[in-house]
Amino acid sequence: MTSDARAARTAGIFFLLTFVSAIAGAILYAPALTDPGYVEGPGADVRILLGVVCEIVLVITNIGTAIVLFRVLRRHHEAAALGYVAARIMECALIVVGMLGMLTVVTLRRSVAQGDGGDSESYLPVARALVALHDWTFLLGPGFVVGIGNGLLLGFLLYRSGLVPRRMALLGLIGGPLMSASGIAVLFGAYGQTSVWSGLATLPEIAWEASLGIYLTFVGFRRNGPEGADGAEGAEGAEGAEGPVGEAAASHPAP
């Protein structure tokens, strides 16, 4: 297996892990995100902590995809490849802020439950503010930034290089900006973050990430693409090989 084939498979597995861990984390967080009085009740702290673990996996695999793909993508457009890495890091930074908010909500609930001087009436607005913070980080990180990085930039790089079928890459080129535009619409109150319109705007990006993960894991990069990994290297090698030969032929014409 070549280094590019290993990179493709590793990136594909990371993409699938990001997909699963992101969904699992959102589901596990539900009690704290949907119950306004979470800190006053019995709580579901173990479930919230498992959600944090899922998001730790999400952060690791997010950055992993960027690191693994950068070496390959930089051959086709280094600035865009670097932008993709930066977008992944920014997304993960926002995810970590949301994780810290959820961990602090758990701390507040435990303080109230254990009677450590915690006042549920004073803690309640703080917990709600932390949940709101998580919601905003989710909108700006896995929402807006993902549309730019994982959608637009990665879609552009894979469309340009031909490393995956171009029809598949179009999903990223279309779905990414659509998802980011939807995030802006939610930001200005056009509709809710969990509304039908938001869900519809997110579907192309979800299809892009899922199909890319499956394709890279089980198929890998296209070898015969218009600018595939092997093709690009082969073209560079051919150019380097033909240059001296051509010069030698020109200087020694056939009789």
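In this predicted model, helix α5 provides the largest share of the lining of the largest cavity, namely four residues. The elements that contribute two or more residues to that lining are α4 and α5. The lining consists of Glu55, Ile95, Gly98, His134, Thr137, Phe138 and Pro142. By class, these residues divide into three nonpolar, three polar and one charged. The enclosed space amounts to about 40 Å³, and a search of the whole structure returns one cavity of 30 Å³ or more.

The largest pocket holds about 1,000 Å³ of space. Its lining comprises 37 residues, of which Ala26, Phe138, Pro142, Met179 and Thr202 lie closest to the pocket centre. Seen together, Phe138 and Pro142 belong to the lining of the largest cavity and also to the group closest to the centre of the largest pocket.

Which elements give two or more residues to the lining of the largest pocket? They are α1 (3-28), α2 (30-34), α3 (45-73), α4 (78-114), α5 (120-161), α6 (166-187) and α7 (196-218). Helix α5 supplies the largest share here as well, with eight residues. The pocket lining contains 16 nonpolar, 15 polar and six charged residues.

The two spaces are set out below.

| Space | Volume | Share from α5 | Lining by class |
|---|---|---|---|
| Largest pocket | about 1,000 Å³ | eight residues | 16 nonpolar, 15 polar, six charged residues |
| Largest cavity | about 40 Å³ | four residues | three nonpolar, three polar, one charged residue |

The protein chain that surrounds these spaces has eight helices and zero strands. From the N terminus on, its elements therefore read as an unbroken series, α-α-α-α-α-α-α-α.

Helix α1 has 26 residues. From its first C-alpha to its last it reaches 37 Å, close to the 38 Å expected at 1.5 Å a residue. Its buried residues are Asp4, Ala7, Ala8, Ala11, Gly12, Phe15, Thr18, Ser21, Gly25 and Leu28. An α-helix has 3.6 residues a turn, so residues three or four places apart point the same way. Residue Ala26, in the range of α1 (3-28), is among those closest to the centre of the largest pocket.

For the chain as a whole, 42% of the 255 residues count as buried. Among contacts with a separation of 6 or more, 76% are between residues 24 or more positions apart. The accessible surface comes to about 12,700 Å², and carbon and sulfur atoms account for 69% of that area.

Methods. Residues numbered from 1 in each chain as written. Predicted model: local features only at pLDDT ≥ 70, side-chain atom pairs only at ≥ 80, totals over all residues. Heavy atoms only, no water. 1 Å grid on protein atoms, 1.4 Å probe; cavity = no way out; pocket = protein on both sides within 12 Å on 5 of 7 lines; lining within 4 Å. Points joined across faces, edges and corners; volume = space filled by probe spheres on them. Nonpolar A, V, L, I, M, F, W, Y, C, P; charged D, E, K, R; others polar. Expected span 1.5 Å × (residues − 1). Buried < 20%, exposed > 50% of the residue type's maximum accessible area, 1.4 Å probe, protein only. Contact = heavy atoms within 4.5 Å. Areas by Shrake-Rupley, 256 points an atom, 1.4 Å probe, with all protein chains shown as cover.
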